[in-house]
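Notebook open, structure loaded. I want to go through the empty spaces, one helix pair and the odd backbone spots.

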Amino acid sequence: MDPASLARWQFGITTVYHFFFVPVTISLSLIVAVLQTAHYRTGQDKFRRLTDFFGKLFLINFAMGVVTGIVQEFQFGMNWSEYSRMVGDIFGAPLAFEALLAFFLESTFLGMWIFGRDRLPRGVHLASIWLASIGTVLSSLFILAANSFMQHPVGFTYNAARGRAEMTDFWAVLTNPVALTTIPHTLTAAYMVGGAFVMGVAGWHLLRIARTSGARNRSELAGEQAEEASAYAWATKFGAWVLIGAGALVMFSGDLQGKVMTDVQPMKMAAAEAIWETETPAAFSLFTIGTLDGSKEVFSIKVPGVTSFLATGSFTGTVQGINPLREKYDAQFTQMIRQRYGDEVASAMTYTPAVPVTYWTFRLMIGLGMVGVAVGILVLVLLRKGNLPPARRAGWFWLALMIATPLLPLFANSFGWIFTEMGRQPWIVFGLMPTASAVSPGVPAAQVLTTMVGFTLIYGVLAVIEVRLMLRAIRKGITGPVPALAEGEADEAPLSFAY
């Protein structure tokens with residue numbers, strides 16, 4: 001492989017791995033804040049125990065997310081120096097705000113929350129987890145604004161003398177129409193992950209209680225077992241409601257995002273549906289088998305007019321095809337690329353992304369998310385009127401749902417990210433810079449391969465550590481009531497981890 005291909009693989013591997021932690025962190029920070037607020041308002045012990053339980057899982061995931069996120073900084077410096085030189089003036093600004101403002105807010109108040117229990121006033125301690133949660137959201141806003149510039153560059157001018165893009169309007173970068181639709185879509189998709197995670201973990205404990213007690217309803221339980229079942233049942237249904245509610249918002253925000261995407265990146269919409277020639281109206285392909293190169297349809301199941309609605313808001317709207325768009329881009333961009341990046345890069349530009357990848361990742365994103373929402377509805381139905389999960393014949397079915405459901409929106413998020421980035425190819429910044437011209441010059445393939453293997457091995461080790469820590473904490477479950485320190489004891493007690 002050439003250095004550019006290896007650099008792309010390295011970026012894909014490390015970033016997809018890091019992206020597993022992002023939606024969990026964003027969503028669990030809010031869910032833990034809601035649980036602590038419930039305890040603050042009601043004083044019920046189950047909310048305190050659930051806050052501690054999911055707070056610990058949140059912190060494990062947050063730590064791993066920080067460690068894996070640091071590698072992303074090295075990516076740009078090692079393998080993408082030409083990209084940094086071209087758009088560093090623009091791309092670096094929102095990332096600087098993310099590090100100096102959002103991450104500072106997030107980490108500072110998270111530290112206060114971890115070590116501040118019984119030392120801070122209850123209201124201040126509660127405010128610290130809310131501010132940490134706001135910090136995670138702000139962090140995602142700045143990162144998505146930077147990424148949206150790559151999808152639809154705005155607020156800049158190209159300096160031909162220096163051969164680089166320079167920012168002219170930072171506000172335009174922050175209010176990029178792609179960012180304004182991507183941010184709510186990404187955040188609500190993250191909350192789907194958190195809801196499914198809480199539902200799966202608490203639902204697994206409910207099954208454990210049902211199996212050990214033999215009860216079919218919570219009314220048949222007593223003592224500590226009844227209190228545990230009450231807490232886990234509340235958390236399971238709460239997670240299901242978060243999953244369903246966030247899923248509805250994902251559909252709404254995704255519809256808006258599809259229309260903006262069609263306006264600024266019509267090739268991505270055409271590739272998502274494998275539409276080679278312009279169609280009016282355009283059908284939505286539920287399932288398609290094509291030729292090996294993805295350029296011709298062999299068999300397909302379609303729903304008439306749906307893609308037209310997703311792209312234009314009308315069931316009879318026109319969706320441009322890959323072939324006419326390719327001819328349009330050839331006339332629009334090839335001369336510019338030849339002047340800035342040379343004949344070799346210009347002649348290699350096809351302006352067509354990998355259609356099979358964009359087509360299937362688009363469907364996996366939608367399909368896995370919809371299945372997750374369906375499971376959430378099923379769980380609410382099964383747990384109505386105080387019922388416990390079926391522990392005997394259908395127990396395996398419930399167990400499979402609780403294990404698989406958290407993974408469904410998590411993988412839907414990852415496939416959505418892959419679709420977004422692969423659908424932009426062969427551009428690293430659409431209409432401004434080809435991906436092939438963005439890699440670091442003079443870095444041989446062997447060096448890129450070495451670091452890629454090294455990062456992959458390190459991530460493999462981190463994955464084992466993450467899974468073992470999470471499973472250990474999940475098996476431990478909610479702990480008993482923790483007595484608060486008496487007045488004056490907090491000042492004398494050593495500073496310690498509260499979760």
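**Pocket first**

I looked up the second largest pocket, and its volume comes out at about 820 Å³. My ground rules: this is a predicted model, where local features need pLDDT of at least 70 and side-chain atom pairs count only at pLDDT 80 or more, while totals for chains, interfaces and linings use all residues. Residues are numbered from 1 along each chain as its sequence is written, and side-chain values use heavy atoms, with hydrogens and water left out.

Which residues sit closest to the centre of the second largest pocket? I get Phe197, Leu407, Met470, Leu471 and Ile474, out of 24 that line the second largest pocket. Helix 1 (3-42), helix 6 (177-213), helix 13 (395-404), helix 14 and helix 15 (445-476) each give two or more residues to this lining. Helix 15 has the largest share, seven residues. By class I find 20 nonpolar, two polar and two charged residues in the lining.

Terms, so I don't forget:
- On a 1 Å grid over the protein atoms alone, a pocket is an open set of points with protein on both sides within 12 Å along at least five of seven lines, a cavity is a set where a 1.4 Å probe fits but cannot get out, and lining residues have an atom within 4 Å of a point.
- Grid points are joined across faces, edges and corners, and volume is the space filled by probe spheres set on them.
- Nonpolar means Ala, Val, Leu, Ile, Met, Phe, Trp, Tyr, Cys and Pro; charged means Asp, Glu, Lys and Arg; the others, Gly among them, are polar.
- Helices (H or I, at least four residues) and strands (E, at least two) are DSSP runs numbered from the N terminus.

**Cavities**

I count three cavities of 30 Å³ or more. The largest cavity holds about 60 Å³ of space. Its lining is Glu273, Ala274, Ile275, Glu279, Ala283, Ser285, Thr288, Glu297 and Lys302. Strand 3 (284-290) and strand 4 (297-303) are the elements giving two or more residues there. The class split is three nonpolar, two polar and four charged.

The second largest cavity has about 50 Å³. I noted Gln425, Pro426 and Trp427 among its lining residues. Its lining has six nonpolar, three polar and two charged residues.

**Backbone oddities**

Gln425 and Pro426 turned up again: a cis peptide bond joins them, omega about 10°. Pro426 is in the loop between helix 14 and strand 5 (427-429). Another cis bond runs from Thr280 to Pro281, with omega near -10°. I place Pro281 in the loop between helix 8 (266-273) and strand 3.

I also flagged Asp118, a non-glycine residue with a positive phi near 65°. Asp118 lies in the loop between helix 3 (81-115) and helix 4 (122-151). Most residues other than glycine have a negative phi, and most peptide bonds are trans.

**Helix 12 against helix 14**

How do the two axes cross? Helix 12 (355-382) and helix 14 (407-422) come within 8 Å and cross at roughly 155°, with axes fitted to C-alpha atoms over the stretch in contact and angles from 0 to 180 degrees between N-to-C directions. That makes the pair roughly antiparallel (angles over 145 degrees). Contact (heavy atoms within 4.5 Å) involves Phe362, Met365 and Leu368 of helix 12, among others, and residues including Phe411, Phe415 and Phe419 of helix 14. I tally 13 nonpolar, five polar and no charged residues in this contact.

Notes. Angles under 35 degrees count as roughly parallel, over 145 as roughly antiparallel, 65 to 115 as roughly perpendicular and the rest as oblique.
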